[in-house]
Amino acid sequence: MSVATKGSGLTWVGRAIRRLEDPALLTGRGRFTADLPAAHWVRFVRSPAAAGKIERIVAPDDALVVTAADLADVKPITPMLHKFEYRPVGQPILADGEVRFVGEAVAAVVAASEEEAEDIADAVELSLADAIPIIDARDALAPGARQIHPSAPGNVILQSRIVTPEFERIWKTAHKTVAFDIRSRRQNATPMEPRAAHAAFDFATGRITLTCTTQMPHLTRTAIADVLGMPERDLRVIAPDVGGGFGQKMSLAPEYVLLVWLARKHQSCFAWTEDRRENLIASFHARDQSIALQGAFDANAKLLALKADIVSNVGAYSCFPTTCGVEPLMAIAELPGPYDFCAYDCRARGVLTNTCTMAPYRGVSRPIITFALERLMDKAARAFAIEPAEIRRRNLISKFPYKSAAGLTFDEASYQETLRIAREATDLPGFRKRQAQGRAQGRYLGIGFATFSERTGYGSPAFAARGMEITPGWETVVLSVDPSGFVEARIGSSPHGQGLRTTLAQIVADQLGITPDRVKVVHGDTDRAPYGWGTFASRSLVICGGATLMAAQKVRAKLLKLASHMLEAAPDDIVLEDGEAKVAGTDRTIPIAKLARESYTQTYRFGGIEPGISETGTYDPPGTFSNACHVAEVEVDIETGRTTVTRYLVAEDAGRIINPMIADGQVHGGVAQGIGNALFEEIVYDENGAPLTATLSDYLTPTAREIPQIELHHLETPSTESLTKAKGLGEGGGIGAPAAVINAINDALSDFGVEIDEMPATPQCIRAALRKAETKA
Amino acid sequence: MSDKVPITLKINGCAHAISVEPRRTLADAIREDCGQTGTHIGCEHGVCGACTVIVDGAPMRSCLMFAVQADGKNIRTVEGLADGDTLHPMQQAFMDNHALQCGFCTPGFLMLAIGVLEREPDMSDDDLLDVLSSNLCRCTGYQNIVKAVRAAAKEMRK
């Protein structure tokens, strides 16, 4: 790495260097939570019923079984919003007197091995007085519906409304209106690594180390200390290698709290690894939402006004720290998308049901609202008899900064340009010809567009606007050069697959004139890393990257100051490159490693400069919008309802790209999840609230066969709202794909007069729509 | 619960004499009794393939095999692929092509691809895609896994 670039004058930022993370992960030397040995294993006894009172729990003799009765001193998890008529509901660590969804932990069994713990858990007798569960949000909203939590009348846990001035007047000027309902079924983020936790008591210090699969180690520490009433200094939280999260590992798992409680009480070491069934039924779900949407257009197919009623089924409890407001509030704030109109009337409600708790999942609501808005655009295009790409061209914003109908400020982006690139790359006239030929042979091809914005890297004001009691946003980075000349960046973000150890090292390397392999990024350990908010919401490269740049600029300034003493030259005349400080235009140089060493060991030489090299950067940006246009081509088999995605194209703009290889990987992964969300993935409950999709043979994530080659086109509009000029791009792939794919299905089936307005568009869903259309005809 | 049975697992050429309950899966025995934690467990019902190892030359899902069934057999896991600091061509291709993100499914994909290509080095690209469809990855969208395996297949044929 160093040889290739010595004296090349190239920057590290912008280059597709290989990842520093890879060697350990490729050789089986990654460290995941479940790899740790433990003295005791924990198994949770979970409720088989969706609703009911707990009458009796009988444990086998001599077994260590913990129930709510043992946890009288432990507070429930009670996340809080101070806005939107939010009704706080508490989640006990183990169900306390009542169960509210199938899979809720009722008791914890402790044994010397996992197998033994499972045997004992099977022998625990649980008597429940079943109640009739409420599974669907519409049933929960029905007058007289049983109340799931006493504190939330009508089962509405929060509601929000935005009505812009003169909405009704503008609505009445419409030339055409389009109204329909869309539905997103319930989904599960399904990281490949199930959740796991390991809590160990240390007799020497009285402290507990919790190693767990989390995206936010510091907040996990704060939350558990709050719930258990223990000093935070006595808890160390480690997120080692984490096998994907996609939001699911962001929320506080009650199971982790119990592990720490056990370690404290019994002064020993306890481990728990969930099985896939637990992950699918009892971790966190997402995306269960319906939207009644209406759009008003003028005679030129220009959107004038948007009216929406959003109902989000948030499950049985509210997730910590975001609260269950994360889905409905994201939806109401971002539904207007990147389209230019000013009249907006929207209501969003979060509704409690007897289902698994809802939490963030890659994209948070935006896959759904983008699906809704892009269906609207396609339906309107049909009504006006214009191409879907054309109606988007007429409506996309193009002047910046732009203030949306919901009040968000969009920074400069390339909505029109990405649409143009996608349009040209797809060869629309050629496709329409192939489509017509296909139909003549009984083959149904379709094309679908999705244009959207992806709000990324937003700091604390954006979270404060939601009234969150816990307001994440900023990030801190501590960057030090040790006496051997090696660099350590200690960060509050907590990457788990995003390659941040590599991209941050690239940012540092450019500032300090060294190679990225000399930079070690330390994360995921509350004893080693500064307080921070972890990795979620496409924020880490923007916020933690910005903080890294700030810290690196300070370290650079210090190195120049030290070098100016040693080389007897003005700091402005010194450059840092190839691991050396050089006086420009001379052969006077000194290795950076020597500067570092002497900053600690020869401080007397530097006339009062503070010893050592360690600098801190903290960054709290306003947020920036990435953007993209996705295009999917599909073929639908009308006999079986099977959809094959035959082509997928992304034209996207995430500002300055730090490492193109890693950026492409994020888009690929997002698109694949989006295609899974669009076609296959659905958590199904029966009418009693029993989950029917409790294995990976029932909850279908896509395989290599279902994902076509993804064509990427990049634009780079540097963000003025991000220090590194980079925008986030972790979620965009997944935001655009459901809309593009299902629009393509509708295009393929346009001859039949069917409208598929739900995701996933499974074969059953497509066949049902075709049958309905046949019956009508 | 049943009594433990003494068995020997030969993992990457090293014999591990262990005692396991007959119901213990090979995956658990490799990880917990033999301490080789590079093999990961993703679903325990044979769908995701994260636990794939090579048993007597064939890729197997170690969560679907009992440890006692592997008694005396030659088992290869991800820990045995590299030769010192030199990565196996498949590992190198995964690194060069960014075929991993979180790395949890990676050992299973490596063992699957290597096990199949050692038996059928000339497998067509399309058949390889079918083989790779037997394991699940949630991070990469498979784009770079497919690319890496095709590149390594070429390298392994040399």
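## Helix packing and a mixed sheet

The buried residues of helix α1 in chain B pack against three strands of that chain: β1 (5-11), β2 (14-20) and β3 (52-55). This model is predicted. Helix α1(B) spans residues 26-33, and 6 of its 8 residues are buried, so that the helix is mostly covered. The buried ones are Leu26(B), Ala27(B), Asp28(B), Ala29(B), Ile30(B) and Arg31(B). Just after α1(B) comes Gly35(B), with a positive phi of about 70°.

In chain A, two helices cross: the axes of α10 (residues 366-384) and α19 (residues 732-748) come within 8 Å, at an angle of roughly 35°. The crossing of α10(A) past α19(A) is right-handed. Residues of α10(A) in this contact include Phe371(A) and Arg375(A), while those of α19(A) include Ile735(A) and Ile742(A). The contact residues are 6 nonpolar, 5 polar and 4 charged.

Chain A also holds an open sheet of 4 strands with mixed pairing, in the order β18-β26-β27-β28. Its edge strands, each paired on one side only, are β18(A) and β28(A). From one strand to the next, the twist averages 15°. Strands β18(A) and β26(A) run antiparallel to each other and share 13 bridges. One bridge joins Arg455(A) to Phe625(A) in β26(A). Helix α18 (residues 660-679) of chain A packs on the sheet, where it touches β27(A) and β28(A). The direction of α18(A) makes about 140° with that of β27(A).

The strands of this sheet are placed as follows.

| Strand | Residues |
|---|---|
| β18(A) | 444-456 |
| β26(A) | 624-636 |
| β27(A) | 643-653 |
| β28(A) | 710-715 |

Definitions and conventions. Residues are numbered from 1 along each chain as its sequence is written. Chains are lettered from A and ligands numbered from 1 in the order in which they are written. This is a predicted model: local features need pLDDT of at least 70, side-chain atom pairs count only at pLDDT 80 or more; totals for chains, interfaces and linings use all residues. A residue is buried if 20 or more other C-beta atoms lie within 10 Å of its own, exposed if 12 or fewer, and partly exposed in between; C-beta atoms are placed from the backbone. Two residues are in contact if their C-beta atoms, placed from the backbone, lie within 7 Å. Axes are lines fitted to C-alpha atoms, for helices over the stretch in contact, and angles run from 0 to 180 degrees between N-to-C directions. A crossing is left-handed if the near helix is turned anticlockwise from the far one by less than a right angle, and right-handed if clockwise. Ala, Val, Leu, Ile, Met, Phe, Trp, Tyr, Cys and Pro count as nonpolar, Asp, Glu, Lys and Arg as charged, and the others, Gly among them, as polar. Two strands pair if DSSP finds at least two bridges between them.
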